[in-house]
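User: I am new to this structure and would like a close look at a single part. Could you take one helix and walk me around it, then show me where it sits in the whole chain?

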Amino acid sequence: MAEDDPLRPPQDSRRFFMLPQAPMDSGYYVYGNFRGRPAKGAYQFAHPIMMTAILRVALEWQAIDKRRIGIGDISLAGGSRPPDHDSHRSGLELDVRPLRKDGHEESIRWWEPQYDKESTAKLIELFRTFAPVVTVLFNGPDIPFVNHYAGHDDHFHIKLRG
Ligand SMILES: [Zn+2]
C-alpha cells in the first residue's frame with residue numbers, strides 16, 4: 001500500500017498502529033476524549049502485543065455475548081505524555097469499560113444498577129487468558145486478580161507484559 005493510501009491505518013514513530021476504529025462486526029467499540037474532544041483514535045496507539053490482545057479478546061467475547069466491549073485509552077502517538085496520566089505511554093496499558101446489563105455503549109460505574117459484575121469478571125478473565133496481563137486496576141468488588149486504585153470506578157486498567 002502507498003504511504004498516502006487513505007485505507008492505511010495511522011502509524012506512529014514507534015511503528016505502532018492506531019487501533020482500527022471499530023468496524024461494526026469487530027466485537028468492540030471505541031470511546032474516549034482527548035483535550036475535551038472525541039479522541040477519534042488519537043489515544044489508541046497500541047503496542048503489537050496489545051493490538052493482538054484486543055483483537056483476540058474481542059473475537060472471543062463476540063462468540064459468547066452480543067454486547068460490544070468498550071475500548072478506551074491506550075497511548076498517544078509516539079508515547080508522548082498524556083495530560084491526565086503518568087502512565088499510558090508504552091502502548092501496553094489499556095482502559096476498558098465495565099459491561100452494562102442494558103448493553104448501552106455508555107459509561108457505567110460499579111455501584112450503579114446497570115453494572116454487570118458477572119460479565120465484567122468474565123471479560124477480565126478473557127484478557128487474562130488470551131493476553132500477558134500483569135496488572136488489572138478496578139474498584140468493583142469481588143473480581144479475582146483485580147487491585148483497587150483511585151479513580152478506577154468506571155473503567156478497568158490493564159497492563160500487559162512487553
Ligand atoms: Zn488507565
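Analyst: Let's start on the outward side of helix α2, where Glu-118 and Thr-129 are exposed; a residue is called exposed if 12 or fewer other C-beta atoms, placed from the backbone, lie within 10 Å of its own C-beta, buried if there are 20 or more, and partly exposed in between. Please keep in mind that this is a predicted model, in which local features need pLDDT of at least 70, side-chain atom pairs count only at pLDDT 80 or more, and totals for chains, interfaces and linings use all residues. Residues are numbered from 1 along each chain as its sequence is written.

Now turn to the other side of α2. Its buried residues are Thr-120, Leu-123, Ile-124 and Phe-127. Seen down the helix axis, these buried residues fall within an arc of 95°, so they line one face of α2; the arc is that of the directions from the axis to the C-beta atoms. The general reason is friendly to remember: an α-helix has 3.6 residues a turn, so residues three or four places apart point the same way.

What lies over that face? The cover of the buried residues of α2 includes α1 (48-64), β6 (69-71), β8 (133-137) and β9 (156-160), where a contact means two C-beta atoms, placed from the backbone, within 7 Å.

The length of α2 can be checked too. The helix has 14 residues (residues 117-130), which should span 20 Å at 1.5 Å a residue, and its end C-alpha atoms are 20 Å apart, in agreement. The expected span is 1.5 Å times one less than the number of residues.

Stepping back, the protein chain has two helices and nine strands, which are DSSP runs numbered from the N terminus (helices: H or I, at least four residues; strands: E, at least two). Along the sequence they follow the pattern β-β-β-β-β-α-β-β-α-β-β. Of the 162 residues of the chain, 36% count as buried. Among contacts between residues at least 6 apart in sequence, 59% join residues at least 24 apart.

One last stop is the loop between β8 and β9, which holds Asp-142 and also Phe-145. Asp-142 has a positive phi of about 65° although it is not a glycine, and Phe-145 has a positive phi near 80°. Most residues other than glycine have a negative phi. Asp-142 is exposed, with 7 other C-beta atoms within 10 Å, while Phe-145 counts as partly exposed, with 13 C-beta neighbours inside 10 Å.
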